[in-house]
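Here are a few exercises to work through with the model open beside you. Try each task before you read its solution.

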Protein chains: 2
Amino acid sequence: MAEGRVTVIDIARAAGVSKSTVSLVLQGSSSVKEETRNRINAAIRDLGYVYNRGAATLRQTGSRSKIIGVIVNDLTNSFFAELAVGIDMVVQSAGYVQFLSSCAENPDRQQELIGSMREHGISGLIICPARGTQASDFKALESSGIPVVVAVRNLPGTKASTLMSANAVGTRAATQHLLSLGHRRIAFLGGFSDMAVFDERTGGYRDALREAGIQVDDELVINAPSSRAGGVEAIGRALAVAERPTAAVCLNDAVAFGVCDGLRARRLEPGADFAVVGFDDVIEAKTAVPALTTVSVDPQGMGRRAATLLLKQINSNSSEGEAVTTAVRLVVRESSGKAINVRQEMA
Amino acid sequence: MAEGRVTVIDIARAAGVSKSTVSLVLQGSSSVKEETRNRINAAIRDLGYVYNRGAATLRQTGSRSKIIGVIVNDLTNSFFAELAVGIDMVVQSAGYVQFLSSCAENPDRQQELIGSMREHGISGLIICPARGTQASDFKALESSGIPVVVAVRNLPGTKASTLMSANAVGTRAATQHLLSLGHRRIAFLGGFSDMAVFDERTGGYRDALREAGIQVDDELVINAPSSRAGGVEAIGRALAVAERPTAAVCLNDAVAFGVCDGLRARRLEPGADFAVVGFDDVIEAKTAVPALTTVSVDPQGMGRRAATLLLKQINSNSSEGEAVTTAVRLVVRESSGKAINVRQEMA
DNA sequence: AAGCATAATTGGAACGTTCCAATACTGTCA
DNA sequence: TGACAGTATTGGAACGTTCCAATTATGCTT
């Protein structure tokens with residue numbers, strides 16, 4: 001049993017043929033006679049041969065390892081979990097396997113991961129960059145010809161392909177929705193200005209306010225980690241502002257859920273006493289109580305698209321960076337409540 | 001730039017030394033002079049050398065690829081997401097990378113994944129077997145000497161290491177808790193009898209009822225997928241039973257959340273009108289409304305333990321299967337409500 | 001039956017590393 | 001100075017595959 005592993009030579013011997021022929025059938029070449037092919041396949045089955053992809057990759061020019069790397073920030077956030085599942089689906093059915101790791105928003109760990117994946121010869125990488133990532137962090141990778149898709153979070157200045165949702169459009173719609181309900185003091189909660197998504201999303205928010213003739217009050221734009229805990233923190237600070245907001249657009253759903261938690265802890269009912277809208281439309285947004293009004297981006301679909309984009313780039317090795325923006329759609333549920341009386345006063 | 005990759009020979013030439021010496025410093029050998037080591041490291045940096053782990057693995061006896069495989073059922077379930085994060089933590093800091101994929105409860109896809117990972121030469125596997133997995137499905141893997149840790153879901157008859165939570169103990173405590181609140185009609189919701197966890201968890205439930213002198217009513221044990229959707233389905237059927245249950249122990253938290261959804265859809269408030277307790281204590285159990293009473297298993301810790309167990313087995317290649325059971329703890333929150341009047345009648 | 005095109009097969013070299021045994025350097029001591 | 005013990009370094013061979021050019025087998029045409 002501990003007889004060193006079965007190699008292509010063993011099965012060549014068993015099938016009475018040369019290793020080259022075996023290699024040909026492994027690659028599905030059409031120029032090997034039906035009968036020999038069968039004999040070889042039988043031997044493969046009998047001897048319990050397992051293909052050594054490492055050896056193959058080593059020999060092959062262009063090192064097509066059939067491995068792709070995926071780095072996200074936080075698998076625990078179901079946005080990223082679903083994104084990963086979407087990627088997994090298309091990648092699996094293309095015969096690839098994925099290294100999947102989270103860098104926990106830590107650029108150093110991110111670099112280590114990239115390095116490690118590179119040593120293993122990944123043939124492509126999908127990454128949601130951690131806060132504070134520089135475009136130059138991917139330079140080595142890119143110049144070695146490995147296709148990279150930057151997903152979800154923009155990375156200004158990168159030559160890699162990017163797959164972003166229409167962030168500004170989304171928050172603009174969300175803000176307009178709150179405005180139409182009569183809100184005038186609307187906060188923006190979560191995120192930090194060193195991540196590009198933050199800029200894009202606050203951009204849409206500012207635009208909508210400006211268009212409505214409302215002065216943006218920077219006191220209402222509150223930085224906090226983009227997690228549930230960050231949401232709790234943010235709403236706490238928002239409610240401490242002298243002239244309290246009555247509604248909030250949140251950086252993402254995780255923050256929005258935290259905001260709801262924080263409101264309840266203060267005996268305020270989200271949807272009734274304070275309107276909140278999220279961003280992402282993660283799976284539990286629909287079933288949470290109150291159901292979350294949010295900007296839907298279909299994370300799983302986004303994962304599928306990212307993977308497709310990467311595979312396309314791997315196969316046609318003309319690695320021309322492509323920038324794709326995916327559409328979003330405001331989904332109104334309960335957490336934004338109904339129109340408030342401010343509006344009636346205006347009518 | 002497209003100058004084929006930089007190899008150990010290139011840096012040997014640059015440092016005026018032989019490839020063997022370079023290899024030695026790559027492996028951190030102590031028997032190379034300080035000065036030469038520095039010269040070599042400098043060359044490595046200057047030429048932008050990246051280690052080819054595939055080639056190394058090919059040569060090395062025992063094929064220590066520094067890759068481990070992880071297969072879970074559903075990354076979207078935060079129990080598994082956290083488990084994966086736990087694994088990731090220890091695996092990363094041991095210098096490994098992980099293939100992480102979900103098999104979506106599909107044994108065929110699971111086999112494909114195992115095959116694919118094997119071709120890539122994983123040096124170990126952590127798996128939460130899909131429903132209907134046979135112990136024999138891992139035979140090939142095991143006999144090729146690759147350590148396997150079966151986590152979360154038991155697989156009777158396997159020779160691999162197993163890491164299970166104290167399932168029966170947990171559901172027994174959960175059921176006793178509901179009994180102590182006065183419930184007498186207690187359902188068990190979710191899961192199927194072809195998964196070992198189901199047997200173990202219903203076992204604890206049955207024991208508790210029996211000990212309390214209550215006849216187990218099989219009508220109240222309801223099979224359904226172990227997902228949020230499955231929970232919705234299960235509670236629907238439970239409430240259709242002639243003599244309605246007043247409480248339920250659920251297979252896991254995902255099911256429990258689904259049960260809460262289903263109750264609300266029928267204008268019943270979980271915690272007040274119907275008591276529900278989950279299993280897992282996923283991260284949102286604490287913050288959900290109502291907060292979920294559940295059996296805490298610390299999924300992330302379990303992931304860490306699984307990874308540690310696997311690494312131990314990889315390093316000491318005496319692959320003696322080890323069976324570890326991790327303790328659980330009932331966490332009483334809101335979803336199980338307070339004592340109901342049935343109890344007062346009895347008092 | 002010879003010639004020829006095509007189909008099927010094959011032997012080595014190569015991929016980038018590690019391992020092993022062997023060699024080349026040190027310096028020390030008689 | 002020559003022998004000796006370390007210490008540092010080194011050339012191949014090997015890992016399991018694919019690629020290439022070359023060979024052999026097959027069938028068809030005249």
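**Exercise 1. Find what the buried residues of helix 1 of chain B pack against, and on which side of the helix they sit.**

Start with the partners: the buried residues of helix 1 of chain B pack against helix 2 and helix 3 (34-47) of chain B. Helices here are DSSP runs of H or I with at least four residues, strands are runs of E with at least two, and both are numbered from the N terminus. A residue is buried if 20 or more other C-beta atoms lie within 10 Å of its own, exposed if 12 or fewer, and partly exposed in between, with C-beta atoms placed from the backbone. Contact means that two such C-beta atoms lie within 7 Å.

Next, name the buried residues: V8(B), I11(B) and A15(B). They cover an arc of only 70 degrees around the axis, which puts them on the same side of helix 1 of chain B; the arc is taken from the directions from the helix axis to the C-beta atoms. As a rule, an α-helix has 3.6 residues a turn, so residues three or four places apart point the same way.

Last, look just past the helix: G16(B) follows helix 1 of chain B and has a positive phi, near 65 degrees.

Some ground rules before you go on: this is a predicted model, where local features need pLDDT of at least 70 and side-chain atom pairs count only at pLDDT 80 or more, while totals for chains, interfaces and linings use all residues. Residues are numbered from 1 along each chain as its sequence is written, and chains are lettered from A and ligands numbered from 1 in the order in which they are written.

**Exercise 2. Work out which residues come nearest to each DNA strand.**

Take DNA strand D to begin with. It is surrounded by 29 residues, and the closest are T7(A), V8(A), S23(A), N52(A) and R59(B). (Near means a C-beta atom, placed from the backbone, within 6 Å of the strand.) Two or more residues each come from helix 1 (8-15), helix 2 (19-26) and helix 4 (53-59) of chain A, and from helix 2 (19-26) and helix 4 (53-59) of chain B.

Now sort that surface by class: eleven residues are nonpolar, 13 polar and five charged. Here Ala, Val, Leu, Ile, Met, Phe, Trp, Tyr, Cys and Pro count as nonpolar, Asp, Glu, Lys and Arg as charged, and the others, Gly among them, as polar.

Then turn to DNA strand C, with 28 residues around it; R59(A), T7(B), V8(B), S23(B) and N52(B) come nearest. Its surface has eleven nonpolar, twelve polar and five charged residues.

Finally, check the record: an unreviewed UniProt entry lists residues 6-60 of chain A as "domain: HTH lacI-type". UniProt positions follow the numbering used here, feature names are shortened, and annotations may be inferred rather than shown by experiment. In the model, that span is 67% helix and 0% strand, and its end C-alpha atoms lie 21 Å apart.

**Exercise 3. Describe how chain B is related to chain A, and how the two touch.**

First, superpose them. A turn of 180 degrees and a shift of 0.1 Å along the axis lay chain B on chain A with an RMSD of 0.1 Å. The fit is by least squares on the C-alpha atoms of residues with pLDDT of at least 70 in both copies. The two copies are thus related as by a two-fold rotation axis. In chain B, the C-alpha nearest that axis belongs to F99(B), 2.2 Å away from it.

Second, count the contacts: 39 residues of chain B touch 39 residues of chain A. Helix 5 (78-93) of chain B is among the contributing elements, and it gives the most, with seven residues. That side of chain B has 17 nonpolar, 14 polar and eight charged residues.

**Exercise 4. Is D280(A) buried or exposed, and what about its phi?**

Place it: D280(A) lies in strand 9 (residues 275-280) of chain A. Count neighbours: with 31 C-beta atoms inside 10 Å, D280(A) is buried. Check the backbone: its phi is positive, about 135 degrees, although D280(A) is not a glycine.
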